Amino acid sequence: QVQLVESGGGLVQAGGSLRLSCAASASFFSIRTMGWHRQAPGKQRELVATFTDTGNTIYEDSTKGRFTLSRNSAKNTVYLQMNKLKPEDTGVYYCRVNTVGGDYWGQGTQVTVSS
């Protein structure tokens, strides 16, 4: 019942930047946590960055200092600014939202970082 619209993935050279966006149809009032996971080829899906239910942020260790999570509450949208991208950042990035009514995932957007 919650639709997530993701955008911003693409192909970029190492050292470049991308900004991912995820807009949720749910009202901000109902959202408890919102962030991004990724799945690299041959690997399990892992947390990249997320807002917690207290408004704090959590980052996967390898992204600290390079990725920045932000949000526009009025638009029910979360952004992930990814700088200094590395080939190991390659994968499918999924928006994930937890609401009072359930857990929801986007369809995923491909991020490919070339050497």
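The following dialogue discusses a sheet, a cavity, a pocket and a salt-bridge network in a predicted model.

Trainee: How should I read the sheet, and in which order do the four strands lie?

Mentor: One begins with the order of the strands and the direction of their pairing. Here the sheet is open, its four strands follow the order S1-S3-S8-S7, and the pairing is antiparallel. Strand S1 (4–7) and strand S7 (67–72) are the edge strands, each pairing on one side only. On average, neighbouring strands of this sheet are turned by 15° against each other, direction ignored.

Trainee: How many bridges join strand S3 to strand S8?

Mentor: Six bridges connect strand S3 (residues 18–24) with strand S8 (residues 77–82), and the two run antiparallel. Within this pair, Leu20 stands opposite Leu80 in S8.

Trainee: How is empty space found, and which residues line the largest cavity?

Mentor: Rolling a probe the size of a water molecule over the atoms shows where empty space is left. In this model the count comes to one cavity of 30 Å³ or more, and the largest cavity holds about 40 Å³ of space. Its lining consists of Phe28, Ile31, Met34, Arg71, Asn72, Ser73, Asn76 and Thr77. Strand S4 (31–39) and S7 each supply at least two residues of that lining. By class, the lining of the largest cavity comprises three nonpolar residues, four polar and one charged.

Trainee: What is the make-up of the lining of the largest pocket, by class?

Mentor: The largest pocket contains about 160 Å³ of space. Seven charged residues, four polar and one nonpolar make up its lining. Among the lining residues are Arg38, Glu46, Arg66 and Asp89.

Trainee: Which residues are linked in a network of salt bridges?

Mentor: The structure holds six salt bridges, and the network links Arg38, Glu46, Glu60, Arg66 and Asp89. The side chain of Arg38 meets that of Glu46 at 2.9 Å, N to O. Arg38 has 5% relative accessibility and therefore counts as buried, the cut-off being under 20%. Glu46, at 31% relative accessibility, counts as partly exposed.

Trainee: Why does the pair of Arg38 and Glu60 tie together parts that are apart in sequence?

Mentor: One asks where each partner lies along the chain. Arg38 and Glu60 form a salt bridge at 3.7 Å, N to O. Because Arg38 lies in strand S4 and Glu60 in the loop between strand S6 (57–59) and S7, the pair ties together parts 22 residues apart in sequence.

Trainee: Are Asp89 and Arg38 buried or exposed?

Mentor: Both are buried. The closest N and O atoms of their salt bridge are 3.0 Å apart. Asp89 lies in the loop between S8 and strand S9 (91–99) and Arg38 in strand S4, so this pair ties together parts that are 51 residues apart in sequence.

Definitions and conventions:
Residues are numbered from 1 along each chain as its sequence is written. This is a predicted model: local features need pLDDT of at least 70, side-chain atom pairs count only at pLDDT 80 or more; totals for chains, interfaces and linings use all residues. Side-chain values use heavy atoms; hydrogens and water are left out. Two strands pair if DSSP finds at least two bridges between them. Axes are lines fitted to C-alpha atoms, for helices over the stretch in contact, and angles run from 0 to 180 degrees between N-to-C directions. On a 1 Å grid over the protein atoms alone, a cavity is a set of points where a 1.4 Å probe fits but cannot get out, and a pocket is an open set with protein on both sides within 12 Å along at least five of seven lines; lining residues have an atom within 4 Å of a point. Grid points are joined across faces, edges and corners, and a volume is the space filled by probe spheres set on the points. Ala, Val, Leu, Ile, Met, Phe, Trp, Tyr, Cys and Pro count as nonpolar, Asp, Glu, Lys and Arg as charged, and the others, Gly among them, as polar. A salt bridge is a side-chain nitrogen of Lys or Arg within 4 Å of a carboxyl oxygen of Asp or Glu. Buried means under 20% relative accessible area, exposed over 50%, partly exposed in between (1.4 Å probe, protein chains only).
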